[in-house]
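Notebook open, model loaded. I want to go through the inside of this one: cavity, pocket, cysteines, core.

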Amino acid sequence: MQERLSLSQLSNLARNVLAFATHAERAAPLPSVVKIDISPQCSLACTHCLHAVPEGRDKPLLAAQRFAKTDRMSLAQYGRIIDQLRGRAVAVSLYYYGDPLIHPDLDAMIRMARAAGLAVHITTHFSYKLSLARIRSLVESGLSHITVAVDGATQESYSATRVRGRLDFVLANLAMVAQVKRETGRAHPFVEVQHLRFPHHAPDERERVQQIALDLGADKFTTYSGLHKNPDGSFYNVVDDDPGDAPPPPARPLRPVPRCLWPYSSTVIRFDGTVIPCCLWRVGRQYAAGEDPRGVGNIFETPLSAIWNSRPYRQLRRQVSNPRRFSKKEGCGSFCDGCPRLYEAPGADQPAGG
């Protein structure tokens, strides 16, 4: 956060936390964190992503993904969302399965959110040949936090999964961000370098990437396991986790607190206004032709405050609160059906993502 929260933001946050702690069906008037999919477009074809090249991978759902150049939220549409969040939400993240730097109005969107008292986060592959002026504009927009993917210490190891990416572009852009921050005396954006570990990496790859991040002035280095689990040796892709339309497996038991925080804290708004409960589940259905995304509303048709405590959202809170009771009483058909946080799905102990 770049500034203190207002009393109304603190109240909204506290009410969401209280609802979570007490298994309540209704939460605060609005989510505290909102992920806004300003555009699903991306210039890379990372092996684990919806943008991966499907040829030769025998993944029908991956082949069904559709991304058009017109798939982007307008500045006016975005502004109407920010107006609804003003004084209640704490932060926005301006990405989902696209790279936010593709959107021509990104800097204006950041400034608009900052003027509304919201912290702003983006995640980017950063593999663009950007000018110092472009980096300066991004830094001076008021961006709070930027997460940059650096999945290799060399071009060879990096491009094995970040297909079409240029590591030299990424590192040059990181260096320019640090330069502009020094020259302007800014503490933000907080720069996080994120590294996914893969089996093809050298034994010391993680340490080398971490040193690169430190040398470039990153504020934080995080690392996760990049899955490589397929029997044929192919790289994991997010569609591998799609649950299909079968009834969910046995539900996990009741816990002192709900099994997932998302329905009490955060939501995702796709570029077309569709609201979905989280960014970690059913991702393969969100842009695939003819698939049901299992959205819970559309913000271009219904205010987010009405969606957030609507019947579908109250159902979701009952489901994450006590999956076994929900499954017996209300059956399947929910966005969360099959999620390994709630159900005893095969491979549920493996890390999500890749």
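How many nonpolar, polar and charged residues does the lining of the largest cavity have, by class? I counted 11 nonpolar, no polar and no charged residues. A reminder to myself before going on: this is a predicted model.

**Cavity.** I searched the whole structure for cavities of 30 Å³ or more and got one. I put the volume of the largest cavity at about 90 Å³. For the lining I wrote down Cys-260, Trp-262, Pro-263, Pro-277, Cys-278, Trp-281, Val-320, Phe-335, Cys-336, Cys-339 and Leu-342.

**Cysteines.** With Cys-278 in that lining, I went looking for disulfides. The search of the whole structure came back with zero. For Cys-278, the nearest cysteine sulfur belongs to Cys-279 and is 5.9 Å away. I tried it from the other side too: Cys-279 is in no disulfide, and the nearest cysteine sulfur there is that of Cys-278. A disulfide needs the two sulfur atoms within 2.5 Å, so this pair does not make one. I also checked burial for both. Cys-278 has 10% relative accessibility, so I log Cys-278 as buried. Cys-279 comes out at 15% and also counts as buried.

**Second largest pocket.** Next I turned to an open site. The second largest pocket holds about 150 Å³ of space. Its lining is Arg-318, Ser-321, Asn-322, Arg-325, Phe-326, Lys-329 and Glu-330. Two elements give two or more residues to this lining, α11 (311-321) and α12 (323-330). Which element gives the largest share of the lining? That is α12, with four residues. By class I get one nonpolar, two polar and four charged residues for this pocket.

**Phe-326.** I stayed with Phe-326, which is in the pocket lining and sits in helix α12. Buried or exposed? Phe-326 is buried, at a relative accessible area of 5%. Skipping residues up to four places away in sequence, I found Phe-326 touching Gln-315, Arg-318, Gln-319, Gly-331, Ser-334 and Tyr-343. Of these, Arg-318 is also on the list of pocket-lining residues. I also took a distance to Phe-271, 55 residues from Phe-326 along the chain: the C-alpha atoms are separated by 31 Å.

**Ala-288.** Another residue I looked up was Ala-288, in the loop between β8 (274-276) and β9 (297-298). Its relative accessible area is 8%, so Ala-288 goes down as buried. What does Ala-288 touch, not counting residues up to four places away in sequence? I noted Leu-61, Ala-64 and Gln-65. Ala-64 is 224 residues from Ala-288 along the chain, with the C-alpha atoms separated by 4.9 Å.

**Core.** Last stop was the largest nonpolar core, which has 89 residues. Helix α7 (residues 167-184) gives the largest share of this core, six residues. I listed the residues with the most contacts inside the core: Ile-36, Tyr-78, Val-92, Leu-94 and Phe-126. I then picked Tyr-78 and left aside its neighbours within four places in sequence. Tyr-78 is in contact with Ile-36, Ile-38, Met-73, Val-92, Leu-94, Met-109, Ile-110, Met-112 and Ala-113. Among those partners, Ile-36, Val-92 and Leu-94 are on the most-contacts list as well.

Conventions
Residues are numbered from 1 along each chain as its sequence is written. This is a predicted model: local features need pLDDT of at least 70, side-chain atom pairs count only at pLDDT 80 or more; totals for chains, interfaces and linings use all residues. Side-chain values use heavy atoms; hydrogens and water are left out. A nonpolar core is a set of buried Ala, Val, Leu, Ile, Met, Phe, Trp, Tyr and Cys residues joined through side-chain atoms within 4.5 Å. Buried means under 20% relative accessible area, exposed over 50%, partly exposed in between (1.4 Å probe, protein chains only). Contact means heavy atoms within 4.5 Å. On a 1 Å grid over the protein atoms alone, a cavity is a set of points where a 1.4 Å probe fits but cannot get out, and a pocket is an open set with protein on both sides within 12 Å along at least five of seven lines; lining residues have an atom within 4 Å of a point. Grid points are joined across faces, edges and corners, and a volume is the space filled by probe spheres set on the points. Ala, Val, Leu, Ile, Met, Phe, Trp, Tyr, Cys and Pro count as nonpolar, Asp, Glu, Lys and Arg as charged, and the others, Gly among them, as polar.
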